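Subject: Handing over a structure, with notes on what was found

Dear colleague,

I am passing on to you the structure we spoke about, and I would be grateful if you could keep it open beside this email while you read. The notes come after it, in an order meant to help you find your way.

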Amino acid sequence: MSRNYSLTFSSKDVTISCIAIILIVALIISSNIFMHNYQSGSKVVNVYINRKLYDEYSIYLDDLKENEEKTIILKKEKHQVLLDDMEIKVNKNKGIKITKETSPRNICSQQPWINTPGVPLVCLPNQVYVVIESTSIDEPIPLE
Amino acid sequence: MKTKKMVRLSLFLAIGVLLHYLESQIPYSFAVPGVKLGLANISGLLVLYFYNPKEFVFIGFLRVLIVALLYSGFGTAFLLSLSGWGLSTLLVLIMFYSVKPSIYGLSLVSAIFHSLGQILTVMAIYEAIGMINYMPVLLLSSSISGVITARISASVLKRLDKVTI
């Protein structure tokens, strides 16, 4: 059998890794610049289930008092795609967090509070996506 | 394909599937979904060391398929595995043919672009550019896991080199 590459660490590996990391950081920065253009206006917490926005769960952060917390409850009876009922807490200061859900190893509820507009809470096993968005946009941010 | 080669490749495939299963039993309690060791990549690195890139691609794809058949199904998890595998394999092959790094460079690139592939897929599914903000943590964890899997693979390969399988 042949031996197709070296097993010893070399300076080439450092160079390649640095280039890869720089490219990805550039991607992150440019995406955030692109997103920033959409982040004006009031902030609203939107819940998407199976890629569809459910207005009835939307909460406007301006309507909340300082440190006020509201809970969004998603029922499995209403949304068959859920594994079980889900709870999402919305706090004016802390942001959004999934607090009760059923998923492998409860990975969805281990995500921290998210307070940044555009950065979502994603729970793939339940096909749920919660995000703070700006009211100045009517549709999800397009990728093109 | 000769019988001996087929048996060896099947062994590496089985190792990859088993490592994937064992890793799925580890209770990761990190806050960012997608953070993991990526032990299954070890089998891909072993195949690439001994065989052609063609076998590397074939065994990697088969591993994703078998894991889906046995454990995860063909839903979103399969899409994520496929996209992560696809992007990481593409970059590994580009590096392999052009720059020719060592096992550490290949493993790092594989780990980093595996995470990026999965993030890009979730971004596409949910039309959410904000998902890219998970990448800094995933970049760090992928870099660490890339070095760990490279170290483990190098240790295994040094011993395998002395043994005729």
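What follows goes through chain A, then the side of chain A that touches chain B, and then a pair of helices in chain B. Please bear in mind throughout that this is a predicted model.

**The domains of chain A**

A convenient place to begin is the domain assignment, which divides chain A into domain 1, covering 10-39, and domain 2, covering 43-134. If you take the C-alpha centres of these two domains of chain A, you will find that they lie 29 Å apart.

**Strand β1 and its partners**

Strand β1 of chain A, made of residues 43-49, pairs with strand β8 of chain A, residues 128-134, and the two run in the antiparallel sense over 7 bridges. To see one of these bridges, look for Y48(A), whose partner in β8(A) is Y129(A).

The strand β1(A) also has antiparallel bridges to strand β3 of chain A, residues 59-60, where 2 bridges make the connection, and here V44(A) has Y60(A) as its bridge partner. A further 2 bridges join β1(A) to strand β2 of chain A, residues 52-53, again in an antiparallel arrangement, with I49(A) standing opposite K52(A). Together β1(A) and β2(A) form a hairpin that has 2 residues between the strands, and in its turn N50(A) has a positive phi of about 55°.

**An open sheet in chain A**

Chain A also contains an open sheet of 3 strands, ordered β4-β5-β6 and paired in the antiparallel sense. Because β4 (69-74) and β6 (95-100) of chain A each have a single partner strand, they stand at the edges, and one side of each is left without a neighbour in the sheet. From one strand to the next, the twist averages 25°. Within this sheet, β4(A) is joined to strand β5 of chain A, residues 86-91, by 6 bridges, the two strands running antiparallel, and one bridge to look for is that between I73(A) and its partner E87(A) in β5(A).

**Where chain A touches chain B**

Turning to the two chains together, 40 residues of chain A are in contact with 39 residues of chain B. On the chain A side, the elements that give two or more residues are α1 (11-36) and β8, and the largest share, 12 residues, comes from α1(A). Sorted by class, this side of chain A has 25 nonpolar, 10 polar and 5 charged residues.

Since α1(A) gives that largest share, it is worth following this helix to its neighbours in chain B. How do the axes of α1(A) and helix α5 of chain B, residues 103-126, cross? They come within 8 Å of each other and cross at roughly 15°, which makes α1(A) roughly parallel to α5(B). The crossing of these two helices is right-handed. The residues that make the contact are K12(A), D13(A), I16(A), S17(A), A20(A) and I24(A) on the α1(A) side, and Y104(B), G105(B), L108(B), V109(B), I112(B) and L116(B) on the α5(B) side; by class they divide into 8 nonpolar, 2 polar and 2 charged.

The helix α1(A) packs on helix α6 of chain B, residues 135-160, as well, at an angle of about 165° and with the axes 11 Å apart. The helices α1(A) and α6(B) are therefore roughly antiparallel to each other, and α1(A) passes α6(B) in a right-handed crossing. Here S17(A), I21(A), I24(A) and I28(A) of α1(A) meet M135(B), P136(B), L139(B) and S143(B) of α6(B), and this contact has 6 nonpolar, 2 polar and no charged residues.

**A helix pair within chain B**

Finally, helix α4 of chain B, residues 76-97, packs with α5(B) at an angle of about 145°, with their axes 7 Å apart, and the crossing of α4(B) and α5(B) is right-handed. Among the residues that make the contact are L79(B), L80(B) and S83(B) of α4(B), and G105(B), L106(B) and V109(B) of α5(B). The residues of this contact divide into 12 nonpolar, 10 polar and no charged.

With best wishes

Notes
Residues are numbered from 1 along each chain as its sequence is written. Chains are lettered from A and ligands numbered from 1 in the order in which they are written. This is a predicted model: local features need pLDDT of at least 70, side-chain atom pairs count only at pLDDT 80 or more; totals for chains, interfaces and linings use all residues. Two strands pair if DSSP finds at least two bridges between them. Helices (H or I, at least four residues) and strands (E, at least two) are DSSP runs, numbered from the N terminus. Two residues are in contact if their C-beta atoms, placed from the backbone, lie within 7 Å. Ala, Val, Leu, Ile, Met, Phe, Trp, Tyr, Cys and Pro count as nonpolar, Asp, Glu, Lys and Arg as charged, and the others, Gly among them, as polar. Domain bounds come from an automatic or database domain assignment. Axes are lines fitted to C-alpha atoms, for helices over the stretch in contact, and angles run from 0 to 180 degrees between N-to-C directions. Angles under 35 degrees count as roughly parallel, over 145 as roughly antiparallel, 65 to 115 as roughly perpendicular and the rest as oblique. A crossing is left-handed if the near helix is turned anticlockwise from the far one by less than a right angle, and right-handed if clockwise.
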